[in-house]
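Work through the exercises below with the structure open beside you. Try each task before you read its solution.

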Amino acid sequence: MARTALVTGGVSGIGAATAKMLRDAGYTVIANFFGNADEADSFHAATGIPAREWNVADYEACRKGVEAVEREFGPVDVLVNNAGITRDSTLHKMTPEQWREVIDVDLGGCFNMCRSVIEGMRERRFGRIVNISSVNGLSGQFGQTNYAAAKAGVIGFTKALALEGASRNITVNAIAPGYTDTGMVQAVPEKTLEAIVTGVPVGRLGEPDEIARGVLFLVDDKSAFITGATLSINGGKYLA
Ligand code: CAA
């Protein structure tokens, strides 16, 4: 039986590339999205992958969303926590809302989604969770105290849950992508982005598929001995 994979933020950028790659590898894939219904419609029309809307920052919405997915498609074997936002600002200008939104989506979303699938994974004694962190959670980044804190938090969360899941064949890993050619990165001011790319040893942005390859590897049944790891895929930008 094909394994079932749920990808949050799965209709654009790294999430969409991941959803398609998992689907092409034989997984039954469901893409979650929130607030970008037009993009979700186009994604579904182009790929046939079902897209379901809820806000990962909302705990009850996650519980209900996962329940509905499991009723329709069967138990979630693979969870990819990819949904994330930025609200870039230097700290002296950052509002409490900019802080909270990023923490609630990028870090809170990991808790809300993992909490919603973990009991089933424990009962079935199988699970693969990949949390998408960021190079900036490892290195820090000017203008991103909120995002760097959330993405560093994702790595600690990943390690702790990896320890809890180990005895039940649930692996939990993080990927720390570098600057990747997605809408999020294209929103960075042009001059700033040029300077950032200059600092990437391979001299270019990553492609979403280059991150998705890492997810595909980590969620494989045969990757059972890899847990609590953080896989950097960043063109050499930061060697942690
Ligand atoms: N390091 C040191 N100093 C910097 C700097 C840097 N990286 N960037 C800017 N500065 C300096 C500027 O030179 C300027 O100096 P002066 O005051 O002496 O003139 C000062 O800081 C103010 O800079 P800005 O004019 O840029 O400040 P701003 O308030 O207009 O903008 C900002 C701040 C919104 C954070 C803007 O700098 C920015 O967008 N930076 C990019 C942040 C970034 O990389 N985001 C990544 C988004 S993609 C992502 O996050 C995906 C992923 O996982 C990788």
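**Exercise 1.** Is Thr18 buried or exposed?

*Solution.* Note before starting that this is a predicted model.
Step 1: find the residue. Thr18 sits in helix α1.
Step 2: check its accessibility. The relative accessible area of Thr18 is 2%.
Step 3: apply the cut-off. Buried means under 20% relative accessible area, so Thr18 is buried.
Step 4: list the neighbours. Leaving aside residues up to four places away in sequence, Thr18 touches Val7, Val80, Ala212 and Val215.

**Exercise 2.** Which residues of the largest nonpolar core touch the most other members? Trace where the core comes from.

*Solution.* Step 1: start with the general trend. Nonpolar side chains tend to be buried together in soluble globular proteins.
Step 2: name the hubs. The largest nonpolar core has 24 residues, and Leu22 and Val29 touch the most other members.
Step 3: map the elements. At least two residues of this core come from each of β1 (4-7), α1 (13-24), β2 (28-33), α2 (37-47), β4 (78-81), β5 (127-132) and α9 (208-219).
Step 4: inspect one hub. Beyond residues up to four places away in sequence, Leu22 touches Ala5, Val7, Tyr27, Val29, Val80, Leu216 and Val219.
Step 5: look for another cluster. There is a second, separate core of 22 residues, with Ala61, Val66, Ala83 and Met121 among them.

**Exercise 3.** Where is Val117 found, and which residues does Val117 touch?

*Solution.* Step 1: place the residue. Val117 belongs to helix α4.
Step 2: classify it. Val117 has 2% relative accessibility, so it counts as buried.
Step 3: read off its contacts. Val66, Val76 and Leu79 touch Val117, not counting residues up to four places away in sequence.
Step 4: take one distance. Val117 and Phe33 are 84 residues apart along the chain, and 17 Å separates their C-alpha atoms.

**Exercise 4.** Which residues come nearest to the ligand? Then describe the shell and its polar contacts.

*Solution.* Step 1: pick out the nearest residues. The ligand has 17 residues around it, of which Asp88, Lys93, Ser134, Tyr147 and Tyr179 come nearest.
Step 2: sort the shell by class. It holds 8 nonpolar, 7 polar and 2 charged residues.
Step 3: find contributing helices. α7 (183-186) and α8 (190-198) each give the shell at least two residues.
Step 4: check the ligand nitrogen. A nitrogen atom of the ligand lies 2.7 Å from an N or O atom in the Asp88 side chain.
Step 5: check the ligand oxygens. An oxygen atom of the ligand is 2.7 Å from a polar side-chain atom of Ser134. For Gln141, a side-chain N or O atom is 3.0 Å from an oxygen atom of the ligand.
Step 6: gauge the cover. The ligand exposes 1,100 Å² taken alone, and the protein buries 55% of that.

**Exercise 5.** What is the phi of Arg125, and what is the phi of Asn169? Place both residues.

*Solution.* Step 1: read the angles. Arg125 is not a glycine, yet its phi is positive, at about 55°. Asn169, also a residue other than glycine, has a positive phi near 60°.
Step 2: locate Arg125. Arg125 is in the loop between α4 (96-124) and β5.
Step 3: locate Asn169. Asn169 is in the loop between α6 (145-165) and β6 (170-177).
Step 4: assess exposure. Arg125 is at 49% relative accessibility, so it counts as partly exposed. Asn169 has a relative accessible area of 33%, so it too is partly exposed.

Key. Residues numbered from 1 in each chain as written. Predicted model: local features only at pLDDT ≥ 70, side-chain atom pairs only at ≥ 80, totals over all residues. Heavy atoms only, no water. Near = heavy atom within 4 Å. Polar contact = N/O pair within 3.5 Å; in protein donor to acceptor, adjacent residues only side chain to side chain. Areas by Shrake-Rupley, 256 points an atom, 1.4 Å probe, with all protein chains shown as cover. Helix = DSSP H or I, 4+ residues; strand = E, 2+ residues; numbered from the N terminus. Nonpolar A, V, L, I, M, F, W, Y, C, P; charged D, E, K, R; others polar. Core = buried A, V, L, I, M, F, W, Y, C linked by side-chain atoms within 4.5 Å. Buried < 20%, exposed > 50% of the residue type's maximum accessible area, 1.4 Å probe, protein only. Contact = heavy atoms within 4.5 Å.
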